[in-house]
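Student: I would like a close look at one part of this model. Please take the place where the two chains meet, then work outward from there.

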Number of protein chains: 2
Amino acid sequence: MRFAVWAPHAERVDLAIRGRNLPMRRGEGGWFSVEDGDAAPGDRYGFRLDGAEPLPDPRSPSQPDGVHGLSEVVDHAAFAWTDQGWHGAPLSAAVIYELHTGTFTPEGSFDAVIPRLGALVDLGVTAIELMPVAEFPGARGWGYDGVDLYAPHHAYGGPAGLKRLVDAAHARGLAVILDVVYNHLGPDGNHLARFGPYFTEKYRTPWGAALNYDDAGSDEVRRFAIDNALMWLRDHHVDGLRLDAVHAILDGSAVHLLEQLAVEVEALQAELGRTLWVIAESDLNDPRLVRAREASGYGLDAQWSDDFHHALHAALTGERNGYYADFGPLSDVARALANVFVNDGRYSRFRRRRHGRPATGLPGDRFLGYLQNHDQVGNRAMGERSAALMSPGRLRIGAALVLAAPFVPLLFQGEEWAASSPFQYFTDHRDPALGRAVTEGRRREFAAFGWSAEEVPDPQDPSTFSRSRLDWSERDRPPHRDMLEWHRRLIALRREQAALSDARLERVSARADDAAGWLLLRRGPLSVLCNVSDGAVRVELGAAVPRQVLLASHEGVEVGGDGIALPPQSVVIVEDLPGATG
Amino acid sequence: MRFAVWAPHAERVDLAIRGRNLPMRRGEGGWFSVEDGDAAPGDRYGFRLDGAEPLPDPRSPSQPDGVHGLSEVVDHAAFAWTDQGWHGAPLSAAVIYELHTGTFTPEGSFDAVIPRLGALVDLGVTAIELMPVAEFPGARGWGYDGVDLYAPHHAYGGPAGLKRLVDAAHARGLAVILDVVYNHLGPDGNHLARFGPYFTEKYRTPWGAALNYDDAGSDEVRRFAIDNALMWLRDHHVDGLRLDAVHAILDGSAVHLLEQLAVEVEALQAELGRTLWVIAESDLNDPRLVRAREASGYGLDAQWSDDFHHALHAALTGERNGYYADFGPLSDVARALANVFVNDGRYSRFRRRRHGRPATGLPGDRFLGYLQNHDQVGNRAMGERSAALMSPGRLRIGAALVLAAPFVPLLFQGEEWAASSPFQYFTDHRDPALGRAVTEGRRREFAAFGWSAEEVPDPQDPSTFSRSRLDWSERDRPPHRDMLEWHRRLIALRREQAALSDARLERVSARADDAAGWLLLRRGPLSVLCNVSDGAVRVELGAAVPRQVLLASHEGVEVGGDGIALPPQSVVIVEDLPGATG
């Protein structure tokens, strides 16, 4: 067994294992290494820099005792994979389901997800996306404060648990996407700076020191991030990565880290013979991220489309606070459906500057569309889902637009049955001062929106976590069962109708009447007509062609002549019949 | 006369003029304005924010009393231009001459440059490039500490002086490039932060606070920079801009400031009917800057090519300290000649990381090549020119390679005659603490290279400035006269031989024998053969074709058969004769 660590500033490094200290040999570029023939999976180890106390391995594959414990030896090759027949799937056909391992099931573990996969397959989901699993402080958390980026969280079941889940998903034809955080490290248990120049003073992120991706010594820091990405894909058989908040990955290099990562993942895809996805969460509205590299883009597979979410959420809820200030009219939803970015260079009131540029020429499947995700739900003071913020009619409209949009749809756990549980912000910091700071920071953040300290759930309180757990029993009861059926039918329709998975945005048109409150999305021969208003509307569609209703949220839809009449807060999907012109 | 200022944080702004305070009216977006029918050119004015003391106009066109004085009313339309027939010239045909207004002549003014323009035309120069002229603290300085970015320095002759110089240059067929600094402001006399959010905490530059180009309120800060660029081109008839250190223009927007600037300058070019150039100094080795916008580049006209300089300087001087650590062998010069970037993704010892990416597909005239410039000379402890650091033979080799390279050549004032004066770092800070800090900072910087405090010239000492002044009298004396003639003949050859201005890099080949010390640059039918070594060399050129010598630095070159023999430290340019193969 070979142990290696990059510690360019250290004079001496020892491997601490089984009560012994093995001096490591300094090699090229600040790497130290040593062979230990006696080491076996399950052994705990650490690195002593210049005689100091043992620190966990920056690339630790497992932290059974948490972020402050020693690392555990893992033999990735020992796992008995059964997914030899799995070769991945195209992202353009995906329906993604985001879940948080800790709250998706009562048990909160990787293994507990497995029995639920069948329900997701029944729903029509093709990929699950796990919120970050890298070891973070404590047992409960969203995962964005991870510090051992190579170690699946011990409370979820560690590396073996994650592998069992991925293997089981593949057995059911489900891909697995992992949320990974390369823009900062959490505040507790982060020892990287003691090993080398992992951080830079050139930039600042909202969450702490910026990782050093372009300053002296950055080659190895870039490798640290990219090797991590490759590790999940190779050793854990993960199919795709969701890169958290890439706008905070600050890199002035001629080859941006994201481009290098996309290049290396493509190479791994060829090597493994499996389709791999790299998807970014980006606040930049910059098409460069997903543009092909031959056209000087970074060549990522896709990015999240927050403008579509914000436009949809603002139109359906009427909310205008925070970033929703930039949105509101239904015509912004139409704009997002046809052009992706609503802020495509226009002035953003929220940002107090112009923002973005047009996504001209890109297909819709370079973007993910959603009505909800962990951020949009959980970053509210009370963590309310859309179902708590809009009528069932509007909720159906939102689901229909997400699932008929030219984007790759993403659902957030429980969305399909309008789960009643909130998804609140929870932490489990063991450092009391840090715990208090998180509690008070959360209170301060929402005091600005008028919430009193008592109203804001305390992230550190275990009940905030348990309150956020899905209650699967409600899934089969009305009205949740009906909402589940609505999602199932929408997903089935998306799979059956080729026009709905055609990503060519030049074939998409969308228009809205803000005063009357309706929106019409056209995708080839299909029309998705939504009435958001509280009154009935009739919309003229132009030529009088025979049309059939494929799906309607309510009774009382009338299709006839050259138009459609819709009851309040309803949506219908109709098809122009073959031979008809229009 | 209308006065306007952007002061979004102010409750009240008054125009202070002729002893009076005129209240300004708040308009859209934080702009205040007022008409003053009595204002006349020459009047002094300032803006009082919320009743405070009058500050100079952030967009002051003239600061006759320096950075702490009031602004002066200027009527740009009043100048009697005589350059109606001037429409600019293509950058690809340019030979650029960088000069510092304060030291180019004994007088140190714009007007004093005019009588010298004839000498530059005689030399073959087609464009002069002025080091920054925007008002900076004191009377002497390089200009990179400017704070009134719209005001030509009063000590140089102010706006009227600059216009007379540009008009005179155009009359002689010379274009004028201006060095402009948009990455930071100088430390003294910078009042911008009192007017609005001109600076951001998101980033840090080596020279002070980063300008806010992508944070809240940044639209107007971007306008401040871009309007400044357009102002020089429109109101002062300047033909091109050299953007200082664009790697420190930190902007995460989907449309980078540089791209927006290039777009707007192109629009102005069409409006004015004059060819305009935007040239960047960049430390990024990123071809994106000069790549066409239709290929997702920023579309700048050109950028400085420091790798070519560093490779050439290191090969000719043997120096390896600082950034020269990345260079040395003649083969790096060959690589720069053929590929532009030497650090094209390879590891940089100086930066301690990989650097750059290949400039594949770009023509050579997107890059400027030079053996010297103000930075490379003046950022040395003693400000020595190349002539003080290498033999006359090697100096001739350097000049030949710059002027036969596929890049747009640039000379630094006095280089053409191997001027004996250094170009040292000089300042004239009136704030004693700041002056001491600059003196001590300079000493500290070079202590690391082994210079004692007494050896390093004091930037604040007026003799450092006067020592850096050109001595025109030496120009006509040997050996300076011979070096001048060498440059004149090289420039003439570049103009006469179409192969030398052919910017297609796929037609350039270069190879070197590091052990033997020779380099061969092929440009179509022309061969530039350099012997850097201290011994005679003979280089085989392949096929035996008839060749004629176009220019040789020394007697004793023998062209015959399939090779050329060169004496030590010499260079020859030969032409394959028509009909010959090879």
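Tutor: Start with how the copies are placed. A turn of 180 degrees and a shift of 0.0 Å along the axis lay chain A on chain B, with an RMSD of 0.0 Å. The two copies are therefore related as by a two-fold rotation axis. Find Tyr203(A): in chain A, its C-alpha is the one nearest the axis, at 2.4 Å. Both copies use the same surface, and 100% of the contact residues of chain A recur in chain B. Keep in mind that this is a predicted model.

Now the contact itself. Chain A gives 27 residues and chain B gives 27 residues. On the chain A side, three elements each supply at least two residues: β13 (199-205), α6 (218-235) and β19 (353-354). β13(A) has the largest share, with four residues. Sort the chain A side by class and you get twelve charged, nine polar and six nonpolar residues.

Next, step back to the whole of chain A. Its domains are domain 1 (2-78), domain 2 (91-496) and domain 3 (509-576). Domains 1 and 2 of chain A touch as well: 21 residues come from domain 1 and 19 residues from domain 2. On the domain 1 side of that contact, twelve residues are nonpolar, eight polar and one charged. Taken over C-alpha atoms, the centres of domain 1 and domain 2 of chain A lie 32 Å apart.

Stay in chain A and go to strand β29 (residues 570-576). Five of its seven residues are buried, and the strand is mostly covered. Two strands of chain A pair with β29(A). Strand β24 (residues 526-531) runs antiparallel to β29(A), joined to it by six bridges. In that pairing, look for Ser527(A), which stands opposite Val574(A). Strand β26 (residues 547-552) is also antiparallel to β29(A), with five bridges. There, Arg547(A) stands opposite Asp576(A). Strands of a sheet pair through backbone hydrogen bonds, either parallel or antiparallel.

Cross over to chain B for a three-stranded sheet. The sheet is open, its order is β25-β28-β27 (chain B), and the pairing is antiparallel. β25 (537-540) and β27 (558-560) of chain B are the edge strands, each pairing on one side only. From one strand to the next, the twist averages 15 degrees. Four bridges link β25(B) to strand β28 (residues 563-566) of chain B in the antiparallel sense. One pair to pick out is Val537(B) with its bridge partner in β28(B), Leu566(B).

Finish with a helix of chain B. Helix α9 (residues 330-339) has seven of its ten residues buried, so it is largely enclosed by the rest of the structure. The buried set is Leu330(B), Asp332(B), Val333(B), Ala334(B), Arg335(B), Ala336(B) and Leu337(B). What do these buried residues of α9(B) pack against? Two helices and two strands of chain B: α8 (306-317), α11 (392-404), β22 (508-513) and β23 (518-523). Just past the helix, Val340(B) takes a positive phi of about 75 degrees.

To recap the chain contact: the copies are related as by a two-fold axis, Tyr203(A) has the chain A C-alpha nearest to it, and β13(A) gives the largest share of the chain A side.

Conventions. Residues numbered from 1 in each chain as written. Chains lettered and ligands numbered in written order. Predicted model: local features only at pLDDT ≥ 70, side-chain atom pairs only at ≥ 80, totals over all residues. Pairing = 2+ DSSP bridges. Axes fitted to C-alpha atoms, helices over the stretch in contact; angles between N-to-C directions. Contact = placed C-beta atoms within 7 Å. Nonpolar A, V, L, I, M, F, W, Y, C, P; charged D, E, K, R; others polar. Least-squares fit on C-alpha atoms with pLDDT ≥ 70 in both. Domains from an automatic or database assignment. Buried ≥ 20, exposed ≤ 12 C-beta atoms within 10 Å, placed from the backbone.
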